[in-house]
Amino acid sequence: MKTLLLKNSKVEIGILEECGHLCPVRFFFDEDIIEPLNIAPWTNEELDPATPPMLKFLRGDFFCAPFGASDILEDETRAHGASANDKWNDLQISDSSIKLKLSKNISGAELRKEISINENESVIYQKHTFTGGEGRIPVGHHLMLKIPNKAFISFSDFEFAGTPPQPIESDSNLGRSVLKYPQNFTDFTLMQRFDNKLVDASVYPFDTSHEDLYMIISKKDMPFGWSAVSCPDQGWLWYSIKNPDVLPNTVVWLSNGGRYYPPFSSRHKNVIGIEETASFFHLGHKASIENNFLNEQGHKTFIELSHNKVIEIPYLFGVVKIPGNFGRVKSITEFKDGIQITDIHHHKVLAKVNLNFIKDTK
């Protein structure tokens, strides 16, 4: 298994050629090394040979096309598609970027990946580009954070927030979900459990042995959308920034030991998936491109490929150091040559970020 590496004084990042997953992902702050992304506990084990690479090597972040179940394409049945399971071929490697092309076309489209870093920035930039093809397809990033102790989760302004029609684990012999399905909510501190009691889901973890999922849709006409997870006990804050016109939705996967079947076997714990998408929850290709209650209301649940069309999907994430009294993020705003992150207690931290990367999109 070959890993391509990029490194400077602030960041180290690896990309698995076999399936395009990011690992390692390290941020350097003086003597501190922060590695916020998750690696599944079974990645060095012998698994059932039928296990797809996406699940076998589950780690970091990877791009999904389609996002979720692949139940439309005749030549692809693996969850999260060829982009999360097949080989990526080298095109160009420099000190600051790696350019790759997926070895298999998706719906006739060529898919390219570019990972880049800049000096003096604790940021990882990604761009996926579809050229040609035909048809509708849900897409998204599948980033997973490992939470050592306690984290505060927050997002930019949104138009919709809710759980999918069914729990992600509905068979008590196979797993456990604790949120109410379906539900809509406007306040993450007042989310309903299955027993109608309220839970503060802005704090994670809020329960044990459970798998849950919800999705939010960013407000339109914002300069950028953001997600943030702060871990004051560990002294770091992770954030991501996207173009909400391109990836309007955020699927949030709370994976805390609630899947009993292999390879999860109740040991995939304290993981938050912050998955920026154009999709109908996690429910896959068919559910996303057919009529559903979100796209019927004008919300985007897929992209549309075309023979004469180029679609760019930019996305970035980074890490900053925070003091132990930092709380849940209230806002992320443009500031000088980057961003200012403000928490609910009015504490502020700055990060150098090239926001034009998100704005300059075809």
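**Exercise 1. The surface**

What does the accessible surface of the protein come to, and what percentage of it belongs to carbon and sulfur atoms?

Solution. The model is a predicted one. Its accessible surface comes to about 14700 Å². Carbon and sulfur atoms account for 46% of that surface. Turning from surface to residues, 59% of the 362 residues count as buried.

**Exercise 2. Overall form**

Decide whether the radius of gyration agrees or disagrees with that of a compact globule.

Solution. Step one: for 362 residues, a compact globule would have a radius of gyration near 21 Å. Step two: the protein has 19 Å, which agrees. Step three: the C-alpha trace spans about 50 × 50 × 45 Å along its principal axes. The secondary structure consists of 3 helices and 27 strands. Among contacts with a separation of 6 or more, 64% come from residues 24 or more positions apart.

**Exercise 3. Charges**

State how many positive and negative side chains the protein has, and how far apart the centres of the two sets lie.

Solution. There are 38 positive side chains and 46 negative ones. The centres of these two sets are 2 Å apart. The structure holds 21 salt bridges.

**Exercise 4. A link between distant parts of the sequence**

Explain which parts of the chain the salt bridge between Asp-90 and Lys-2 ties together.

Solution. First, the contact itself: the closest N and O atoms of Asp-90 and Lys-2 are 3.8 Å apart. Next, the positions: Asp-90 belongs to strand β6 (residues 88-93), while Lys-2 sits in the segment before β1 (3-7), so the pair joins parts that are 88 residues apart in sequence. Last, the exposure: Asp-90 is partly exposed at 32% relative accessible area, and Lys-2 is partly exposed at 44%.

**Exercise 5. Buried or partly exposed?**

Classify Arg-78 and Asp-86 by relative accessible area, using the cut-off of under 20% for buried.

Solution. Arg-78 has 23% relative accessibility and counts as partly exposed. Asp-86 has 16%, so this residue is buried. The two side chains meet in a salt bridge with an N to O distance of 3.0 Å. Both residues also belong to a network of salt bridges that links Glu-76, Arg-78, Asp-86 and Lys-104.

**Exercise 6. A further pair**

Give the N to O distance of the salt bridge between Glu-110 and Arg-112, then the exposure of Glu-110 and of Arg-112.

Solution. The distance is 2.8 Å for Glu-110 and Arg-112. Glu-110 is partly exposed, with a relative accessible area of 21%. Arg-112 is likewise partly exposed, at 39%.

Methods. Residues are numbered from 1 along each chain as its sequence is written. This is a predicted model: local features need pLDDT of at least 70, side-chain atom pairs count only at pLDDT 80 or more; totals for chains, interfaces and linings use all residues. Side-chain values use heavy atoms; hydrogens and water are left out. Helices (H or I, at least four residues) and strands (E, at least two) are DSSP runs, numbered from the N terminus. The radius of gyration is taken over C-alpha atoms; the globule rule is 2.2 Å times the number of residues to the power 0.38. Buried means under 20% relative accessible area, exposed over 50%, partly exposed in between (1.4 Å probe, protein chains only). Contact means heavy atoms within 4.5 Å. Accessible areas come from the Shrake-Rupley method with a 1.4 Å probe; for residues, only the protein chains shown count as cover. Lys and Arg count as positive and Asp and Glu as negative; His and the chain ends are not counted. The place of a charge is taken as NZ of Lys, CZ of Arg, CG of Asp or CD of Glu. A salt bridge is a side-chain nitrogen of Lys or Arg within 4 Å of a carboxyl oxygen of Asp or Glu.
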